[in-house]
Amino acid sequence: MKINTDGVLLGALANVSNAKHICDIGTGTGVIALMLAQRNKNAKIDALDIDYRAVDTATKNFENSLFHARLKCYHHSFVEFFEMNPLKKYDVIVSNPPFFLNALKADSEMKNLARHTDISFFLDLLRVAATHLEVRGSIQLIIPLDVSQAIQQLASDYHLSISEVINIKSFVDKEAFRQIIRLSKEQAQICKNSDFVIYSREKEHSMEYRAALKDFFTIF
(Lines give C-alpha, C1' and ligand atoms only; values in the text may rest on other atoms or scores of the structure.)
Protein backbone atom coordinates (compact mmCIF):
# COMPACT_ATOMS: atom_id res chain seq x y z
CA MET A 1 0.00 0.00 0.00
CA LYS A 2 1.75 3.10 -1.24
CA ILE A 3 1.67 6.52 0.36
CA ASN A 4 -1.14 8.43 -1.32
CA THR A 5 -2.22 12.04 -1.65
CA ASP A 6 -5.35 11.59 0.47
CA GLY A 7 -3.37 10.17 3.37
CA VAL A 8 -0.65 12.81 3.43
CA LEU A 9 -3.18 15.63 3.14
CA LEU A 10 -5.10 14.35 6.14
CA GLY A 11 -1.82 13.91 8.01
CA ALA A 12 -0.78 17.47 7.19
CA LEU A 13 -4.12 19.28 7.58
CA ALA A 14 -5.98 17.51 10.40
CA ASN A 15 -6.48 19.75 13.43
CA VAL A 16 -4.54 18.01 16.22
CA SER A 17 -2.80 20.92 17.93
CA ASN A 18 -4.21 20.29 21.42
CA ALA A 19 -4.81 16.55 21.18
CA LYS A 20 -3.29 14.26 23.80
CA HIS A 21 -4.78 11.00 22.52
CA ILE A 22 -5.40 10.24 18.83
CA CYS A 23 -6.80 7.17 17.08
CA ASP A 24 -5.98 6.46 13.41
CA ILE A 25 -8.54 4.06 11.92
CA GLY A 26 -7.31 2.09 8.91
CA THR A 27 -3.69 3.11 9.35
CA GLY A 28 -2.24 1.19 6.37
CA THR A 29 1.51 1.85 6.37
CA GLY A 30 1.11 4.19 9.35
CA VAL A 31 1.95 7.38 7.46
CA ILE A 32 -0.92 9.46 8.89
CA ALA A 33 -0.12 8.39 12.45
CA LEU A 34 3.56 9.20 11.90
CA MET A 35 2.78 12.63 10.48
CA LEU A 36 0.49 13.46 13.39
CA ALA A 37 3.14 12.31 15.86
CA GLN A 38 5.64 14.61 14.15
CA ARG A 39 3.23 17.55 14.22
CA ASN A 40 2.11 17.05 17.83
CA LYS A 41 5.02 16.33 20.16
CA ASN A 42 2.81 15.23 23.07
CA ALA A 43 0.14 13.08 21.46
CA LYS A 44 -0.09 9.34 22.01
CA ILE A 45 -1.50 7.58 18.97
CA ASP A 46 -3.26 4.25 18.60
CA ALA A 47 -3.36 2.96 15.00
CA LEU A 48 -5.81 0.27 13.88
CA ASP A 49 -6.01 -1.92 10.79
CA ILE A 50 -7.75 -5.17 9.83
CA ASP A 51 -5.00 -6.20 7.39
CA TYR A 52 -2.25 -8.05 9.25
CA ARG A 53 0.30 -7.11 6.57
CA ALA A 54 -0.53 -3.44 7.00
CA VAL A 55 -0.17 -3.83 10.77
CA ASP A 56 3.22 -5.50 10.32
CA THR A 57 4.40 -2.71 8.01
CA ALA A 58 3.06 0.08 10.21
CA THR A 59 4.58 -1.49 13.33
CA LYS A 60 8.00 -1.64 11.69
CA ASN A 61 7.67 1.96 10.53
CA PHE A 62 6.68 3.04 14.04
CA GLU A 63 9.59 1.16 15.63
CA ASN A 64 12.05 2.81 13.25
CA SER A 65 10.72 6.32 13.86
CA LEU A 66 11.69 8.97 16.39
CA PHE A 67 8.17 8.74 17.81
CA HIS A 68 8.05 5.00 18.56
CA ALA A 69 7.31 5.50 22.27
CA ARG A 70 4.06 7.30 21.45
CA LEU A 71 2.77 4.99 18.70
CA LYS A 72 0.99 1.63 18.99
CA CYS A 73 -0.56 -0.47 16.24
CA TYR A 74 -3.39 -2.97 16.71
CA HIS A 75 -4.63 -5.73 14.40
CA HIS A 76 -8.33 -5.13 14.96
CA SER A 77 -11.25 -3.52 13.23
CA PHE A 78 -12.25 -0.33 14.99
CA VAL A 79 -15.52 -1.96 16.09
CA GLU A 80 -13.63 -4.86 17.70
CA PHE A 81 -11.07 -2.52 19.25
CA PHE A 82 -13.66 -0.39 20.99
CA GLU A 83 -15.65 -3.42 22.10
CA MET A 84 -12.45 -4.60 23.78
CA ASN A 85 -11.73 -1.12 25.15
CA PRO A 86 -15.12 0.34 26.07
CA LEU A 87 -13.67 3.10 28.25
CA LYS A 88 -11.18 4.42 25.68
CA LYS A 89 -11.56 8.12 24.86
CA TYR A 90 -9.75 10.22 22.26
CA ASP A 91 -9.38 13.89 21.54
CA VAL A 92 -9.16 13.18 17.81
CA ILE A 93 -10.11 10.22 15.63
CA VAL A 94 -8.81 10.35 12.06
CA SER A 95 -9.42 8.09 9.09
CA ASN A 96 -8.70 7.87 5.38
CA PRO A 97 -11.46 5.28 4.99
CA PRO A 98 -12.52 2.97 2.19
CA PHE A 99 -15.11 4.88 0.24
CA PHE A 100 -16.01 3.33 -3.12
CA LEU A 101 -19.52 2.49 -1.99
CA ASN A 102 -20.96 1.61 -5.41
CA ALA A 103 -17.82 0.87 -7.42
CA LEU A 104 -17.12 -2.38 -9.23
CA LYS A 105 -15.07 -4.78 -7.17
CA ALA A 106 -11.38 -5.08 -7.98
CA ASP A 107 -9.77 -8.45 -8.76
CA SER A 108 -7.53 -8.39 -5.71
CA GLU A 109 -9.20 -9.38 -2.44
CA MET A 110 -6.83 -7.16 -0.44
CA LYS A 111 -7.57 -4.16 -2.67
CA ASN A 112 -11.25 -4.81 -2.09
CA LEU A 113 -10.62 -4.86 1.64
CA ALA A 114 -8.84 -1.51 1.50
CA ARG A 115 -11.06 0.31 -0.98
CA HIS A 116 -14.62 -0.95 -0.67
CA THR A 117 -17.19 -0.62 2.05
CA ASP A 118 -20.87 0.15 2.52
CA ILE A 119 -22.81 2.70 4.52
CA SER A 120 -22.76 0.49 7.63
CA PHE A 121 -19.04 1.20 7.94
CA PHE A 122 -19.72 4.92 8.29
CA LEU A 123 -22.66 4.38 10.65
CA ASP A 124 -20.33 2.37 12.90
CA LEU A 125 -17.69 5.08 12.56
CA LEU A 126 -20.13 7.81 13.66
CA ARG A 127 -21.40 5.66 16.51
CA VAL A 128 -17.87 5.02 17.75
CA ALA A 129 -17.02 8.72 17.47
CA ALA A 130 -20.11 9.71 19.46
CA THR A 131 -19.17 7.26 22.21
CA HIS A 132 -15.39 7.44 22.31
CA LEU A 133 -14.55 11.10 21.71
CA GLU A 134 -13.79 13.41 24.59
CA VAL A 135 -16.28 16.24 25.18
CA ARG A 136 -14.29 18.60 22.98
CA GLY A 137 -13.13 15.87 20.62
CA SER A 138 -13.54 15.54 16.87
CA ILE A 139 -13.45 12.94 14.11
CA GLN A 140 -11.71 14.03 10.92
CA LEU A 141 -12.04 12.21 7.59
CA ILE A 142 -10.86 12.65 4.02
CA ILE A 143 -13.57 11.42 1.65
CA PRO A 144 -15.25 12.10 -1.72
CA LEU A 145 -18.00 14.71 -1.83
CA ASP A 146 -20.90 12.27 -2.15
CA VAL A 147 -19.76 10.34 0.90
CA SER A 148 -19.18 13.61 2.75
CA GLN A 149 -22.74 14.74 2.05
CA ALA A 150 -24.14 11.46 3.32
CA ILE A 151 -22.08 11.63 6.51
CA GLN A 152 -23.01 15.26 7.16
CA GLN A 153 -26.69 14.36 6.85
CA LEU A 154 -26.24 11.56 9.37
CA ALA A 155 -24.01 13.41 11.84
CA SER A 156 -26.75 15.05 13.90
CA ASP A 157 -28.27 11.63 14.62
CA TYR A 158 -25.09 10.92 16.58
CA HIS A 159 -24.94 14.36 18.23
CA LEU A 160 -22.02 15.40 16.07
CA SER A 161 -21.70 18.84 14.49
CA ILE A 162 -19.89 19.87 11.29
CA SER A 163 -17.17 22.30 12.39
CA GLU A 164 -14.85 22.38 9.36
CA VAL A 165 -14.80 21.46 5.67
CA ILE A 166 -11.67 21.67 3.52
CA ASN A 167 -12.39 21.32 -0.20
CA ILE A 168 -9.47 19.59 -1.94
CA LYS A 169 -8.98 20.65 -5.56
CA SER A 170 -6.43 19.60 -8.15
CA PHE A 171 -6.41 23.11 -9.67
CA VAL A 172 -7.95 26.37 -8.54
CA ASP A 173 -10.51 26.40 -11.38
CA LYS A 174 -11.57 22.76 -10.89
CA GLU A 175 -14.29 21.32 -8.70
CA ALA A 176 -13.26 19.71 -5.42
CA PHE A 177 -12.70 15.94 -5.64
CA ARG A 178 -12.23 15.30 -1.92
CA GLN A 179 -13.19 16.96 1.35
CA ILE A 180 -11.59 16.83 4.75
CA ILE A 181 -14.45 17.15 7.21
CA ARG A 182 -14.28 17.67 10.95
CA LEU A 183 -17.21 16.52 13.06
CA SER A 184 -17.15 17.74 16.66
CA LYS A 185 -18.85 16.62 19.85
CA GLU A 186 -19.44 20.25 20.78
CA GLN A 187 -22.09 22.13 18.82
CA ALA A 188 -20.23 24.29 16.29
CA GLN A 189 -21.37 27.91 16.12
CA ILE A 190 -20.05 28.21 12.58
CA CYS A 191 -18.58 25.78 10.07
CA LYS A 192 -15.17 26.84 8.80
CA ASN A 193 -15.03 26.31 5.03
CA SER A 194 -11.89 26.61 2.91
CA ASP A 195 -10.27 25.41 -0.32
CA PHE A 196 -6.93 23.64 -0.68
CA VAL A 197 -5.36 23.50 -4.16
CA ILE A 198 -2.73 20.88 -4.96
CA TYR A 199 -1.30 22.16 -8.28
CA SER A 200 -0.57 25.66 -9.53
CA ARG A 201 -0.07 24.26 -13.03
CA GLU A 202 0.45 20.86 -14.65
CA LYS A 203 3.05 18.85 -12.67
CA GLU A 204 3.85 21.84 -10.42
CA HIS A 205 2.66 21.78 -6.84
CA SER A 206 1.06 24.88 -5.40
CA MET A 207 2.74 26.95 -2.71
CA GLU A 208 0.13 25.89 -0.15
CA TYR A 209 0.75 22.20 -0.91
CA ARG A 210 4.50 22.76 -0.58
CA ALA A 211 4.03 24.60 2.70
CA ALA A 212 1.79 21.89 4.11
CA LEU A 213 4.14 19.03 3.14
CA LYS A 214 7.59 20.63 3.43
CA ASP A 215 8.24 19.09 6.86
CA PHE A 216 7.50 15.61 5.50
CA PHE A 217 8.65 15.45 1.87
CA THR A 218 12.33 15.80 1.05
CA ILE A 219 11.47 17.10 -2.44
CA PHE A 220 10.30 20.35 -0.82
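Which residues do ring pairs link into a cluster? Hold that thought for a moment, everyone, and thanks for coming. Before the answer, one reminder: what you see above is a predicted model.

So, the cluster. Its members are Tyr74, Phe81, Phe82 and Tyr90, joined to one another through ring pairs. Across the whole structure there are nine aromatic pairs. Let me pick out one of them, formed by Phe121 and Phe122. Their rings sit edge-to-face, with 5.2 Å from centre to centre and 80° between the planes. Is Phe121 buried or exposed, and what about Phe122? Both Phe121 and Phe122 are buried.

Now let's go to the start of the chain and helix α1, which covers residues 5-13. This helix is mostly covered, with seven of its nine residues buried. If you want to find them on the screen, look for Asp6, Gly7, Val8, Leu9, Leu10, Gly11 and Ala12. There is also a polar contact where α1 begins: a side-chain oxygen of Asn4 comes to within 3.2 Å of the backbone nitrogen of Asp6. Asp6, remember, is on that list of buried residues.

Next stop, helix α2, residues 31-39, and one residue in it, Gln38. How does Gln38 count, by its accessibility? Its relative accessibility is 25%, and buried would need under 20% while exposed would need over 50%, so Gln38 counts as partly exposed. Who are its partners from farther along the chain? Leaving out residues up to four places away in sequence, Gln38 touches Phe67, Asp215 and Phe216. With Asp215 there is a polar contact as well: the Gln38 side chain reaches the backbone oxygen of Asp215 at 2.8 Å. And if you like backbone distances, the C-alpha atoms of Gln38 and Leu66 are 8.6 Å apart, although 28 residues separate the two along the chain.

Last topic: the second largest pocket. Its volume is about 320 Å³, and 19 residues line it. Nearest the centre of this pocket you will find Asn15, Arg136, Ser138, Arg182 and Ser184. Which strand gives the most to the lining? That is β5, with four residues. Strands β4 (90-95), β5 (133-143) and β7 (178-184) each contribute at least two residues to the lining. And for the chemists among us, the lining breaks down into nine polar, five charged and five nonpolar residues.

That's my tour. Over to you for the discussion!

Notes. Residues are numbered from 1 along each chain as its sequence is written. This is a predicted model: local features need pLDDT of at least 70, side-chain atom pairs count only at pLDDT 80 or more; totals for chains, interfaces and linings use all residues. Side-chain values use heavy atoms; hydrogens and water are left out. Buried means under 20% relative accessible area, exposed over 50%, partly exposed in between (1.4 Å probe, protein chains only). Contact means heavy atoms within 4.5 Å. A polar contact is a pair of N or O atoms within 3.5 Å; within protein, one must be able to donate a hydrogen and the other to accept it, and residues adjacent in sequence count only if both atoms are side-chain atoms. On a 1 Å grid over the protein atoms alone, a cavity is a set of points where a 1.4 Å probe fits but cannot get out, and a pocket is an open set with protein on both sides within 12 Å along at least five of seven lines; lining residues have an atom within 4 Å of a point. Grid points are joined across faces, edges and corners, and a volume is the space filled by probe spheres set on the points. Ala, Val, Leu, Ile, Met, Phe, Trp, Tyr, Cys and Pro count as nonpolar, Asp, Glu, Lys and Arg as charged, and the others, Gly among them, as polar. Rings of Phe, Tyr and Trp (its six-membered ring) pair if their centres lie within 6.5 Å; planes under 30 degrees apart count as stacked, over 60 as edge-to-face and the rest as tilted.
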